[in-house]
Amino acid sequence: MAGGDPAMNAKLPPSIPFQPVDYAAKGCHFEAVIAPDKVVEAAALLDGAGFVLDTITGVDWMAEGQMEVIYDFFRLEEALRVAVRARIPRDNPEIATISGVYPGANWHERETHDFFGIRFAGHPDLTPFLLPEDATYHPLRKDFVA
Amino acid sequence: MKNLLHMLLAEPFRLVLALLVIMSFVGLNAAYLVWVERKGAGRFQRRPGPTEVGYAGLIQPIVDAIKLLSKQLIVPDGVDATLFRAAPLVVMVPSLIGLAVIPYSDKLVGRDINVGLLLIFALGSINVMAIMLGGWSSRNKYAIISAARVVSQNVAYEIPTLLVVITMIMVTGSMDLNEIVRQQAGGFWRWNLFRWDVNPLAPVTFLILYVCMLAETNRSPFDMAEAESELVAGAYTEYSGMGFGVFFMAEYANILLGCSVATVLFLGGWQSPVGIWSGLFWFLAKMYFLIFSVIWIRWTFPRTQFYGLLNLSWKILIPVSLFTLILSSAMLKIF
Amino acid sequence: MTTAEAIPAGTGRETFVLNLGPQHPATHGVLRVKMTMDGEYVARAEPVCGYIHRMQEKMGENRTYAQFLPNTSRIDYLSAMTYTHAFVGAIERAAKLTVPPRAEYIRVITSELNRISSHLVWWGAFLLDLGGFTPLLYAFDDREKILDLLEGITGSRLTYSYYRIGGLYNDVDDTFVKGTRQFVAQMRPRLKMYRELVTENIILRKRLIGIGPIRAELCRKYGATGPVIRGSGVGYDVRKIEPYSVYPEMDFIAPAFPEGDSMARYLVRMEEMAQSLRIIEQGLDKLPAGPVMAEKVPRVLKLPAGDYCYAVEAARGRFAVRIVSDGKEIPYRVKLRSPSLSNLSLFEEASRGMLLPDALALMGSLDLVIPDIDR
Amino acid sequence: MEPQNDAQILKDCSPYVKFAKLDELLALGRANSLWPLTFGLACCAIEMMAAGASRFDLARFGAEVFRPSPRQADLMIVAGTVNKKMALAVKTLYDQMAEPKWVIAMGNCAISGGPFVFPGQYAVIEGVDKLFPVDVYIPGCPPRPEALIEGLLKLEEKLTGKRRWPVVTPQ
């Protein structure tokens, strides 16, 4: 961790490699790129530091053959937004669920599974959330054709 | 011989006539109370209400009836067809019978019997049975919840109602409705509502009867049976066309009966409040005033919670009405 | 009396599934709730979403930024202004556009007008859930006045698309300013009347006080924001914590009530309407002259590659937009973080063991807009 | 004798045979008592509520009795987008309504899918008339409450053959 406002730095769990981001230009204070297997650990640390899970989303980087999962967090007491990113291979998109840490992640992960086909290992119920019950397609993949 | 002829011809004829008059009276009232309700609700809500169908929407109820009559009657698959069809037929019965013994004026009464009050309350719960039957036979979960609610609500509110009625029977010493009205002659201070001498809590007793009447007719704020935002249309969910129309009418017929009984028991029936020109007019005026207040309450208050409704009955209304019963019997014994 | 003990396993008590919705008067749209009922007690309520999924995020990926703008007012159609604000805010942030101060003030004024109209619809619909029909019509009556004002400047009653990238579609006129002042003057006594007529009604209080308590920790775990978390005593408001536009210059409070029950959420929204009136008044007082559109907004807008976020306080809570750009005219990914989704997600846990009407009162107090959940 | 079709026979008989006016009476009854289903899907539902509220007041035409149960409703106002997940439910609701029944497609989404149609779309039904017959289409996104009232008058006109108010053309 380098730079940024020291008061904000103190609020962040030190073991996650957060990098400061220009808030005025990006709308986010810190970002960290972590290995996919560290997601649950990071979520637990952020939960302990009093962060709220904003949302979970995916981005399909088809050209690079990767899927990115972005976890957004914010704090209730002051303006401090952090994003945690993890990249997983596109042909086998699987990442651990954080719904055990944040129960609110349940629906966000189901939605991300709907849209991108990212499997959240250990998720209690990955049935389609916004798509019809029998949907097998993942519309927000870049190679999706209706 | 003449007596026999009277018994065989005149009396049945009179009864049939009375029944016909009452049926048309109930029908007309149910239809036009809907109009009053819709128009009144409009006024309460700063809008005109029905205006286009006839002058001030006066033909609206007739048009609604035509439409309901011409709608398809659906008996859904899986319902208990006999009970499902029977329920709307049963629901109107108690109010029709009850209205036959109500004295509208000194002479204008369908059947002047000396146990009129008993008759009304003996048959009064049939309409609840009908709603329960309708709800139960519909094989619809909302309808079944509604049926269960109706029964427990009715059980809870029948008790204070009857306690009040027993109090009134003790006070008046009669179950003959016309006799009860006759006792209240001479001006509004002679009404049972103000009989302080035998029942110091008479206005409270009236209030209990009024609240129970609201609850037994499933009117807001006690409209648990047809709690629209919870149970879709409650017990009537599966009824279409006139099946629903009859339930709808029965609601108003029951309000009519309830308000009539309250008028007779407490507000002096057809007696004039000033002591002169007693007659039908006063009965109707008092009854329609009560009905208007029922409509007024519906468009003003939100619905109570179900346990709130039961608590009100078991914890407040029943003890209070029991207390008034004991109090007035003590007063009668002492004075 | 409000909660039943959890049903012990193997007691032989029978439960049944009650399917609430997708068409049910209490779900305010096409939400479906699969309720496992034990009599009238809710053993488990599982919301099923997606009945009005409209591909908003997919549409973001196949049209330009300006073309996606009308969609933003159709996500949460009751607070269309704030949603558009988040979207144009993210783009302005990325393209480094400076919005003229007059435009910012008008944005705040219209957003707050929109917030009041949204809360009015909630208020009416919530009372409808509780069986009171008349407040809905009073609320709509007042709402029509707001819609008249907004229609005068935007041309639309519901889906405004009034904010444009770099400013506004057009300037406000004197009629709007005068009309808004008049509205503020009218609305204050109306709020007082609502308080006296409805909030202090004994039946309403009995139905709301102590019903559906939600702890602040539960809100945090589920990401619930807006009036829901403020009704649990946490004064989190994006306008205060992460200020945007000209909100820092406004004097207002983010009302918070610590009880956490349905009544607290009710009171938060009622108080918010009063606060919004204050903001509108200040905005009108401070309204500067000048243009309403930034100079040099590029015709063909291309954002530099990267991620851009913008969060606003919509009527239902925190709404955030995340735009992922790869430097083309068309965004690579548009993520819409809707408040209703997070607010509803705690319903399953919060409603356990409640009576059906209480559970519906709780659901009403969350103020859901279903297309906002399904997007 | 040459064969005649039914219409011809009716025409020949018409001076001598008068048909009862029952149909007209029923049509009048139905047209003036259109009870809509409480069924809102999206944005248009808010305008539908606004049409029922004080300023516009559907009650004037006897159409404010919003019935939550499809069995008691005469009119389904499809107010909003129907997507593939919802389509079956909408169809079921239509089937549950008692005959005679009518449908108003309110708003562009219900007419054609509206703004949510694009090449490669995967969710919305492009018009509810793909599911069941529609009587009146009201365009707009969302249509104004006045438009809904106009649609209702159009439906009445369809039922009775007479228009209640003359059409006002904008100046």
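Which chains share the most contacts among the 5 pairs of chains that touch? In this predicted model, the answer is chains C and D. The tour below visits several chains in turn.

**Stop 1: the chains as a set**

Display every chain in its own colour and begin with the pair C and D, whose contacts are the most among the 5 touching pairs. Then turn to chain A and chain B, which do not touch. A distance drawn between their nearest C-alpha atoms should come to 24 Å.

**Stop 2: chain D**

Select chain D alone. Its C-alpha trace spans about 60 × 40 × 40 Å along the principal axes. The secondary structure of chain D consists of 6 helices and 3 strands. Followed from the N terminus, the elements of chain D appear in the order α-α-α-β-α-β-α-β-α.

Now bring chain B back into view beside chain D. At this interface, 22 residues of chain D are in contact with 30 residues of chain B. The side of chain D that touches chain B is made up, by class, of 7 nonpolar, 7 polar and 8 charged residues.

**Stop 3: two helices of chain B**

Select residues 141-172 of chain B, which form helix 7, and residues 202-216 of chain B, which form helix 9. The axes of these two helices come within 9 Å and cross at roughly 150°. Where an angle over 145 degrees counts as roughly antiparallel, helix 7 and helix 9 of chain B are therefore roughly antiparallel to each other. Their crossing is left-handed.

Show the side chains where the two helices meet. On helix 7 of chain B, the residues to pick out include Gln153(B), Asn154(B), Tyr157(B) and Pro160(B). On helix 9 of chain B, the residues they face across the contact include Thr205(B), Ile208(B), Leu209(B) and Cys212(B). By class, this contact of helix 7 with helix 9 of chain B has 7 nonpolar, 5 polar and 1 charged residues.

**Stop 4: confidence along chain C**

Move to chain C and colour it by pLDDT. The average for chain C is 86, and 97% of the residues score at least 70. Over residues 1-5 of chain C, however, the pLDDT is below 50. Beyond near neighbours in sequence, that stretch has 11 contacts in the model.

**Stop 5: two helices of chain C**

Select helix 4 (residues 101-129) and helix 11 (residues 262-286) of chain C. Their axes come within 9 Å and cross at roughly 155°. Helix 4 and helix 11 of chain C are therefore roughly antiparallel to each other, and their crossing is left-handed. Among the residues making the contact are Tyr105(C), Trp122(C) and Trp123(C) of helix 4 and Met273(C), Ile279(C) and Gly283(C) of helix 11. By class, the contact has 11 nonpolar, 3 polar and 5 charged residues.

**Stop 6: a sheet in chain C**

Which strands stand at the edges of the sheet in chain C? First display the sheet itself: 3 strands form an open sheet in the order 6-7-8, with antiparallel pairing. Strand 6 (306-314) and strand 8 (333-337) are at the edges with a single partner strand each, so one side of each has no neighbour in the sheet. From one strand to the next, the twist averages 15°.

Strand 6 of chain C pairs with strand 7 (residues 317-325) over 9 bridges. Select Ala314(C) to find its bridge partner, Gly317(C), in strand 7 of chain C. Finally, add helix 3 (residues 80-95) of chain C, which packs on the sheet and touches strand 6 and strand 7. The direction of helix 3 makes about 150° with that of strand 6 of chain C.

Conventions
Residues are numbered from 1 along each chain as its sequence is written. Chains are lettered from A and ligands numbered from 1 in the order in which they are written. This is a predicted model: local features need pLDDT of at least 70, side-chain atom pairs count only at pLDDT 80 or more; totals for chains, interfaces and linings use all residues. Axes are lines fitted to C-alpha atoms, for helices over the stretch in contact, and angles run from 0 to 180 degrees between N-to-C directions. Helices (H or I, at least four residues) and strands (E, at least two) are DSSP runs, numbered from the N terminus. Angles under 35 degrees count as roughly parallel, over 145 as roughly antiparallel, 65 to 115 as roughly perpendicular and the rest as oblique. A crossing is left-handed if the near helix is turned anticlockwise from the far one by less than a right angle, and right-handed if clockwise. Two residues are in contact if their C-beta atoms, placed from the backbone, lie within 7 Å. Ala, Val, Leu, Ile, Met, Phe, Trp, Tyr, Cys and Pro count as nonpolar, Asp, Glu, Lys and Arg as charged, and the others, Gly among them, as polar. pLDDT is the predictor's confidence in each residue, from 0 to 100. Two strands pair if DSSP finds at least two bridges between them.
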